[in-house]
Amino acid sequence: MEISELSLAKVLRCGQTFRWKNINNVWSFAIQDRIVLLKQDDQRIQYSHIMLENSPLKSQKIQDQETFKFVQDYFNLSINLKDLYTHWTEQHLIHRKGKNSNSPFQAFTGIRILRQDPWETLISFICSSNNNVKRISKMCDNLCLEYGEYINEYEGMKFYSFPAPESLTEDNVELRLRELGFGYRAKYIHQTACKLQDNKDLSVEKLNDLRNQDYQTSHEFLLQLTGVGPKVADCICLMALDKHDVVPVDTHVYQIAVRDYKFKGKGDLKSMTKVIYGAIRLYFKDVFGEYAGWAQSVLFAADLSDLNNGVNISEVESTIKEESTKVKGSKRTIKIEDKVKTEIEVKTEELLEIKTEDELIISENGRTKRIRSESIKLPVSKKIKVEC
DNA sequence: TTTCGACCTCTTAA
DNA sequence: ATTAAGAGGTCGA
């Protein structure tokens, strides 16, 4: 498995999934009957697992096969990324606005859309409204800890499965979730769980079957659930229901369309009307084709300066003085004093913050940002030019 | 049928 | 330190 086909560090941290943990360079994730463990180096990805405590006996060989099957399915490994990237790069060159920007598809390889469990994706993205990745992750963890089943332990950390729908239908769930910091989403989750329980028209079985239905049907089905609007519904369509061409639109994606591509924005930027939403979604589908949703996830990642929230940096050239190097957890602060012009390559799993007195010019992927007196976080595997 | 404020909490910026 | 804005939206008037 080439790293250009799948980069775990990017895929598992780009806001698709919220439960993977990185412990000593090993990725871990609890599913129904085991903890799945993955480790990636330059050549390959190794997989293993820790079975559910007191689980029924199976031969090691069967277990390994099952884990492999999960990985293959979860990461959509039957889909070849290289060919898609080639196509997107061509389309990018045709439709981009301006000529001086490098292709994000060159700089951000190995990003793919996962094929996640529909129920978990549904609940996760209900949590995502008006929210950030860090907090969403925390909420998902709390949900598992409170309502999931204990699976086993790895490196001193206890792992719990994602809770079944039935476990979120009791009356006290909303109150408890509020105590756990879910805010107004507590009601959404409880109501959605209840709807899928009671209603004949809505069930988890039908939710899962949306993989066999078309986009329109799936989208409308999801909109019936509390806390699910057009954006969240499209995230579920793309990331769990095999609707690879769907681009979930938000203001950020809108910005990319107008700034980097030749999308003509109608009306003001602030109001995301139904019409604009649909227009943007179709525009990206027009440009990138059948796997537009996949392409968009690369653009989004490329545009996000804090893609790898916590996974980072660094080798800093001598021109940067490590005047104040404070180690706080995994954070390191480096002050840049002199006028410098240097290149930083992100290599290790550390978070680097660069603080400047003066204005700092950051160029990455041909895109230039000016930053003053603030810190930036640099994503892994990326070269960034810094001028000051 | 569209628009617009309110909504929980946490993080980051000033 | 203390405060305000914003976070990959959704609901309901």
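**Chain A and its two DNA strands in a predicted model**

Half of the chain is tucked away: of the 388 residues of chain A, 50% count as buried. The structure is a predicted model, and chain A holds 14 helices and 13 strands. Among contacts between residues at least 6 apart in sequence, 62% join residues at least 24 apart. As for confidence, the mean pLDDT of chain A is 81, and 76% of its residues reach 70 or more. Residues 306–388 are another matter, with a pLDDT below 50. That stretch still has 202 contacts in the model beyond near neighbours in sequence.

A good place to start looking is an open sheet of 4 strands, laid out in the order E1-E2-E3-E4 and paired antiparallel. Strand E1 (21–23) and strand E4 (45–51) take the edges, and each has a single partner strand, so one side of each is left without a neighbour in the sheet. On average, neighbouring strands here are turned by 25° against each other, direction ignored. In general, the strands of a sheet pair through backbone hydrogen bonds, either parallel or antiparallel. Strand E3 (residues 34–40) and E4 run antiparallel and are joined by 7 bridges. One residue pair to pick out by eye is Leu37 with its bridge partner in E4, Ser48.

Helix H2 (residues 60–74) lies across this sheet region, over strand E2 (26–30), E3 and E4, and runs at about 120° to E4. Phe70 belongs to helix H2. Leaving out residues up to four places away in sequence, Phe70 touches Phe29, Ile31 and Val36. Of these, Phe29 falls within the residue range of E2, and Val36 within that of E3. For a sense of scale, Phe70 and Tyr283 are 213 residues apart in sequence and 34 Å apart in space, C-alpha to C-alpha.

Before the sheet comes helix H1 (residues 8–11), which contains Lys10. Is this lysine buried or exposed? Lys10 is buried, because its relative accessible area is 4%, and the cut-off for buried is under 20%. Its side chain does have a polar partner: the side chain of Lys10 reaches the backbone oxygen of Thr109 at 3.1 Å.

Two loop residues stand out for their backbone angles. Most residues other than glycine have a negative phi. Asn24, which is not a glycine, has a positive phi of about 50°. Asn24 sits in the loop between E1 and E2. A similar story turns up further along the chain, in the loop between strand E5 (150–154) and strand E6 (157–160), where Glu155 is placed. Phi of Glu155 is near 50°, again a positive value in a residue other than glycine. What about their surroundings? Asn24 is exposed, with a relative accessible area of 61%, and Glu155 is exposed too, at 54%.

Then there is the DNA. DNA strand B is surrounded by 10 residues, and the closest are Arg135, Arg178, Gly183, Tyr184 and Arg185. Which part of this strand faces the protein? Of the atoms of DNA strand B within 4 Å of the protein, 69% belong to sugar or phosphate and the rest to bases. Individual contacts show both kinds. On the sugar side, a polar side-chain atom of Arg178 lies 3.0 Å from a sugar or linking oxygen of DNA strand B. Tyr184 uses its backbone instead, with a polar atom there 3.1 Å from a sugar or linking oxygen. Arg185 goes for a base: an N or O atom in its side chain is 2.7 Å from a base oxygen of DNA strand B.

DNA strand C has 19 residues around it, and Cys14, Asn130, Gly227, Gly229 and Val232 come nearest. Of the atoms of DNA strand C within 4 Å of the protein, 52% belong to sugar or phosphate, with the rest in bases. Helix H11 (residues 230–240) gives the most to the surface near this strand, with 3 residues. Backbone atoms feature in several of the polar contacts. In Val232, a polar backbone atom is 2.9 Å from a phosphate oxygen of DNA strand C. Lys231 has a backbone N or O atom 3.4 Å from a phosphate oxygen of DNA strand C. For Asn131, the partner is a sugar or linking oxygen of DNA strand C, which lies 3.3 Å from a backbone N or O atom of the residue.

Key. Residues numbered from 1 in each chain as written. Chains lettered and ligands numbered in written order. Predicted model: local features only at pLDDT ≥ 70, side-chain atom pairs only at ≥ 80, totals over all residues. Heavy atoms only, no water. Pairing = 2+ DSSP bridges. Helix = DSSP H or I, 4+ residues; strand = E, 2+ residues; numbered from the N terminus. Axes fitted to C-alpha atoms, helices over the stretch in contact; angles between N-to-C directions. Contact = heavy atoms within 4.5 Å. pLDDT = per-residue confidence, 0-100. Buried < 20%, exposed > 50% of the residue type's maximum accessible area, 1.4 Å probe, protein only. Polar contact = N/O pair within 3.5 Å; in protein donor to acceptor, adjacent residues only side chain to side chain. Near = heavy atom within 4 Å.
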